[in-house]
Amino acid sequence: MPTIPGATGGSSPFLRFVDVNEQYGRHVIARMLQRIPAVRLACDMGVGSGFDLETVRDRFPEARLVGLDFIDAGRDRLQQKGIELQVVDLTGKAAGTLALD
């Protein structure tokens, strides 16, 4: 099983889907955010545990953080991090109404 430098775990069966040449991670997001003067709203599609939005919150604590995911697992944990979870039906039907204004 391949190991990705900087990845936690390193033995996930999902690593076969990861492009190790892709330049992505919290450090890339943090560097990108340094170039942005302000963020009012950040939305993460496939929020998972919210790590990427935590990076946004670190730089812009006043920003509204919205995470989209297909499952309701982790809602309480995300709310504790200040992240609103919106569950999205992957078949194309909205599970709820999301107002991003």
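Thr 55 has its place in helix α2, and that makes a handy starting point for a tour of this predicted model. The protein chain has 3 helices and 3 strands, and from the N terminus on these elements run α-β-α-β-α-β. The 3 strands form an open, parallel sheet, and the notes below work outward from Thr 55 to the helices, the sheet and the core.

**Thr 55 and helix α2**

- Thr 55 has a relative accessible area of 7%, so the residue falls under the 20% limit and counts as buried.
- Beyond its neighbours within four places in sequence, Thr 55 is in contact with Arg 26, Ile 29, Ala 30 and Leu 33.
- Thr 55 has buried company in α2: Asp 52, Leu 53, Glu 54 and Val 56 are buried as well.
- The cover over the buried residues of α2 includes α1, β1, β2 and β3.

**Ile 29, seen from helix α1**

- Ile 29 lies in helix α1.
- With a relative accessibility of 11%, Ile 29 also counts as buried, because the limit is 20%.
- Setting aside neighbours within four places in sequence, Ile 29 is in contact with Tyr 24, Asp 52 and Thr 55.
- Ile 29 and Asp 52 are 23 residues apart in sequence, while their C-alpha atoms are 7.4 Å apart in space.

**The sheet as a whole**

- The strand order is β1-β2-β3, and the pairing is parallel.
- β1 (41–45) and β3 stand at the edges with a single partner strand each, so one side of each has no neighbour in the sheet.
- On average, neighbouring strands of this sheet are turned by 20° against each other, direction ignored.

**β1 and its pairing with β2**

- In a regular strand, side chains alternate between the two faces of the sheet.
- On β1, the covered face holds Ala 42 and Asp 44, and the uncovered face holds Leu 41, Cys 43 and Met 45.
- β1 and β2 run parallel and are joined by 5 bridges.
- Two of the bridge partners in β2 can be picked out here: Leu 65 is the partner of Ala 42, and Val 66 is the partner of Cys 43.
- How does the chain get from β1 to β2, and with which handedness? The path goes through α2, and this β-α-β crossover is right-handed.

**β2 and its pairing with β3**

- β2 is largely enclosed by the rest of the structure, because 5 of its 6 residues are buried.
- Strand β2 (residues 64–69) pairs with β3 in the parallel sense over 5 bridges.
- Leu 65 stands opposite Ile 83 in β3, and the bridge partner of Leu 68 in β3 is Gln 86.
- From β2 the chain crosses through helix α3 (residues 75–80) to β3, in a β-α-β crossover that is right-handed.

**The nonpolar core**

- In soluble globular proteins, nonpolar side chains tend to be buried together.
- Which members of the largest nonpolar core touch the most other members? Among its 13 residues, they are Leu 53, Val 56 and Leu 65.
- α1 (26–33), α2 (51–59) and β3 (83–87) each supply at least two residues of this core.
- Leu 65 touches Ala 42, Leu 53, Val 56, Arg 57, Gly 82, Ile 83 and Glu 84, when residues up to four places away in sequence are not counted.
- Two of those contacts are already familiar from the sheet: Ala 42 has Leu 65 as its bridge partner, and Ile 83 is the residue of β3 opposite Leu 65.

**Whole-chain figures**

- Of the 101 residues of the protein chain, 29% count as buried.
- Among contacts between residues at least 6 apart in sequence, 34% join residues at least 24 apart.
- The protein chain exposes about 7,400 Å², and carbon and sulfur atoms supply 56% of that area.

Notes. Residues are numbered from 1 along each chain as its sequence is written. This is a predicted model: local features need pLDDT of at least 70, side-chain atom pairs count only at pLDDT 80 or more; totals for chains, interfaces and linings use all residues. Side-chain values use heavy atoms; hydrogens and water are left out. A nonpolar core is a set of buried Ala, Val, Leu, Ile, Met, Phe, Trp, Tyr and Cys residues joined through side-chain atoms within 4.5 Å. Buried means under 20% relative accessible area, exposed over 50%, partly exposed in between (1.4 Å probe, protein chains only). Helices (H or I, at least four residues) and strands (E, at least two) are DSSP runs, numbered from the N terminus. Contact means heavy atoms within 4.5 Å. Accessible areas come from the Shrake-Rupley method with a 1.4 Å probe; for residues, only the protein chains shown count as cover. Two strands pair if DSSP finds at least two bridges between them. Axes are lines fitted to C-alpha atoms, for helices over the stretch in contact, and angles run from 0 to 180 degrees between N-to-C directions. A crossover is right-handed if, with the strands pointing away from the viewer, the path from the first strand over the helix to the second runs clockwise.
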